[in-house]
Amino acid sequence: MPDRWTVVVGVKQVPDEDDVSINPDTGTLDRADAAAILNRPDRNALEAALELKDEVDARVVAMTMGPPMASPVLETAVAMGCDDAVLVTDRAFGGSDTWPTSLALAETANYLDADVVVCGEETTDSSTGQVPPGIAAHNGWAQLTYAEGVEALPEEDQLAARRDVEGGYERVVADLPVVVAVAYGENEPRPAGLHRKIYAETEFEPAQVDADDLGIDEDAVGLAASPTQVGGMETVEPVDRERERVDTAAELTERLAEEGVV
Amino acid sequence: MATVDVSEHADVWVFVEEHDGDVAGVSWELLAQGRTLADELGEDLVALVIGEDVADVGREAVERGADRALVADDPVFEPYRADPYGEQFRHLVEQRKPDVVLIGGTHTGRDFAGRVAVPAHAGLTADCTELGIDEDGHLEARRPAFGGNVLATIKCERHRPQMATVRAGVFEPAAPDPERDGEVERVDVVVNEADTLTAVLERSVGETVDITAADRVVAAGGGTDGELDPVLDLADALDAELAASRKAVDEGWVGHDRQVGQTGKTVRPELYVAVGISGAVQHVEGMNDSDVVVAINDDPNAPIFDHADYGIVGDLFEVCPALADRLRDADDPQEVIA
Ligand SMILES: Cc1cc2nc3c(=O)[nH]c(=O)nc-3n(C[C@H](O)[C@H](O)[C@H](O)COP(=O)(O)OP(=O)(O)OC[C@H]3O[C@@H](n4cnc5c(N)ncnc54)[C@H](O)[C@@H]3O)c2cc1C
């Protein structure tokens, strides 16, 4: 195992979910105006990765898969303190569901000689949470999902994490290489330093890799290699609520009695 | 890309999640829904039980509707770890070729499902809230997207098995029938402890509660600042179950099993009271099916008011006690006469 760990952090650009709205007149989805932001749970992933850097002097590289337009999230990652960043981009990846996406990211992790891959719990746009276990499965690596705290054990080439589980928690130790999905909100992401910010915005250029660089057969990714297809989208009528403001507890109790629920 | 012969695949499998013999409630919910799907497809319903000393769990799965329970029984499976579970599952899928596989949307279920769909090259849909069969016999998995504003239908026509994780609380659990016939089959264990990649050092799990069955729910949010007494008092006055937003759970004020929302449970009570909860999309998704929603929040612009029937703008530390008193008075016959 290596003297110095390479920690690769997966990040993604998503539409700000607070901006995605339903047009009440047409009943259609308005996401065009939604600002593109760094998936919020990925900030926790970046913080966890940078804590490993502080702890064991790991080299931290951010990766994102997407069009060149997606690279501002890499700038954010570098501004926070990542040493480097890679944009995984190829037309062949277009239309990928979680199976080919995790293949491409698994191969990127191999390409970067990752010892640890850190991801957010899930993305706020598709919220499957399937990519981190998918990366681990493609490479036959260990996985630690819903990780609340990560502890490096460099002497043993292992990583331990406290995992959130229904009704409690568990502590699990995994052999490297390992994929960690950090539970959303479990640490305080550090702000970007001013100098790093300027560097990320002005000097830094992410490296780019495509399917060929990663040794991925074009037929193994994209829409054709995606087992799932979206068969339809129905807008759901928002639940019709009374939206009545009441002023006092007495008034509320009265209403609830009228509704027959108290 | 190699595609599979989908006609070779049959049967609806339900992963019965158990920890130390305790079965996650969502597993029995899935067994009920799996029964419906299997009947519609004219296939068998198979319970997949992985653990140590789990023959009883297999038998209970039969009583609750499975035609057969496949039991992988070995110390390597206790407690749960993604890699040995995933390996055992992959082996069974290759050997027995299931058509549909349903898994609970718990942390364990989502950890496991994400791991097994890759080696099986299966289509996996996350966190479904509706499951059906289309006219060609494919699974239609529906899940809310964009904060519940859209229901997306996901299909997997060319790959098998068709896998889905399903949120807790959306289906009624299957009731046991001790008379029911079915087979409990022990399967070969293909995993060795020496090959595992992880070790569980410590596991601390308390009693879990089921908020999904409650008729009334009072949920605490970030606005409580961890001071839950007023919320508990209101829940007591209403004879309601305590629930929480993710904020309150992440802060450690309330247990995860009481979390409502996208990454928690779906509740459908007659009355839902959101106390000091802002109304983020991920929260609203889990309570939108409640009959009557009440919001108590000191910010008149909090989004929760758009998703509530009755809203009180005010400090929860004043409103909750006043409401609890009022409700207790209303219970008091003297007061009614007066
Ligand atoms: C991937 C992902 C998954 C998520 N899953 C879930 C989920 O399943 N469930 C969930 O709930 N959230 C979920 N969230 C989190 C969600 O986005 C919100 O952060 C969370 O719901 C906020 O909780 P809250 O409203 O209780 O707290 P806050 O956002 O802190 O809001 C507190 C509210 O209380 C009000 N308040 C403050 N003081 C008082 C007072 N004294 N009296 C009255 N009102 C007061 C404030 O005005 C505010 O509206 C998820 C987020 C992500 C990214």
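**Figure 1. A patch of negative charge on the surface of the predicted model.** Nine side chains are not drawn from one chain alone: Glu237(A), Asp240(A), Glu242(A), Glu254(A), Glu258(A) and Glu259(A) gather on the surface with Asp215(B), Glu270(B) and Asp291(B). One of these residues, Glu254(A), sits in helix H7 of chain A, which covers residues 249-259. Glu254(A) counts as partly exposed because its relative accessibility is 48%, and the range for that class runs between 20% and 50%.

**Figure 2. Chain A as the setting for the close-ups of its residues.** Chain A contains seven helices and 15 strands. Its C-alpha atoms fill a box of roughly 70 × 40 × 40 Å along the principal axes. Of its 262 residues, 54% count as buried. Among contacts between residues at least 6 apart in the sequence of chain A, 71% join residues at least 24 apart. The accessible surface of chain A is about 11,500 Å², and carbon and sulfur atoms account for 45% of that surface. Chain A carries 18 positive and 55 negative side chains, with the centres of the two sets 4 Å apart.

**Figure 3. Ser245(B) and the residues it touches.** Ser245(B) lies in the loop of chain B between strand E15 (241-244) and helix H6 (246-250). With a relative accessibility of 7%, Ser245(B) is classed as buried, because buried means under 20%. Leaving aside residues up to four places away in sequence, Ser245(B) touches Ala220(B), Gly221(B), Gly222(B), Gln259(B), Ile277(B) and His283(B).

**Figure 4. Cis peptide bonds before Pro177(A) and Pro161(B).** Most peptide bonds are trans. In chain A, the bond joining Leu176(A) and Pro177(A) is cis, with omega about -10 degrees. Pro177(A) is in the loop between strand E11 (168-175) and strand E12 (178-182). In chain B, the bond from Arg160(B) to Pro161(B) is cis, and omega is near -5 degrees. Pro161(B) is in the loop between strand E10 (150-155) and strand E11 (162-166).

**Figure 5. Positive phi at Asp113(A) and Asp239(B).** Most residues other than glycine have a negative phi. Asp113(A) has a phi near 55 degrees. This residue, Asp113(A), belongs to the loop between helix H3 (98-111) and strand E8 (116-120) of chain A. Asp113(A) is exposed, at 59% relative accessible area. Asp239(B) also has a positive phi, near 55 degrees. Asp239(B) is located in the loop between helix H5 (229-238) and E15 of chain B. Its relative accessibility of 68% makes Asp239(B) exposed, because exposed means over 50%.

Key: Residues numbered from 1 in each chain as written. Chains lettered and ligands numbered in written order. Predicted model: local features only at pLDDT ≥ 70, side-chain atom pairs only at ≥ 80, totals over all residues. Heavy atoms only, no water. Patch = residues over 30% accessible without salt bridge, like charges linked within 9 Å, V, L, I, M, F, W, Y side chains within 5 Å. Areas by Shrake-Rupley, 256 points an atom, 1.4 Å probe, with all protein chains shown as cover. Salt bridge = Lys/Arg side-chain N within 4 Å of Asp/Glu carboxyl O. Lys, Arg positive; Asp, Glu negative; His and termini not counted. Charge placed at Lys NZ, Arg CZ, Asp CG, Glu CD. Helix = DSSP H or I, 4+ residues; strand = E, 2+ residues; numbered from the N terminus. Buried < 20%, exposed > 50% of the residue type's maximum accessible area, 1.4 Å probe, protein only. Contact = heavy atoms within 4.5 Å.
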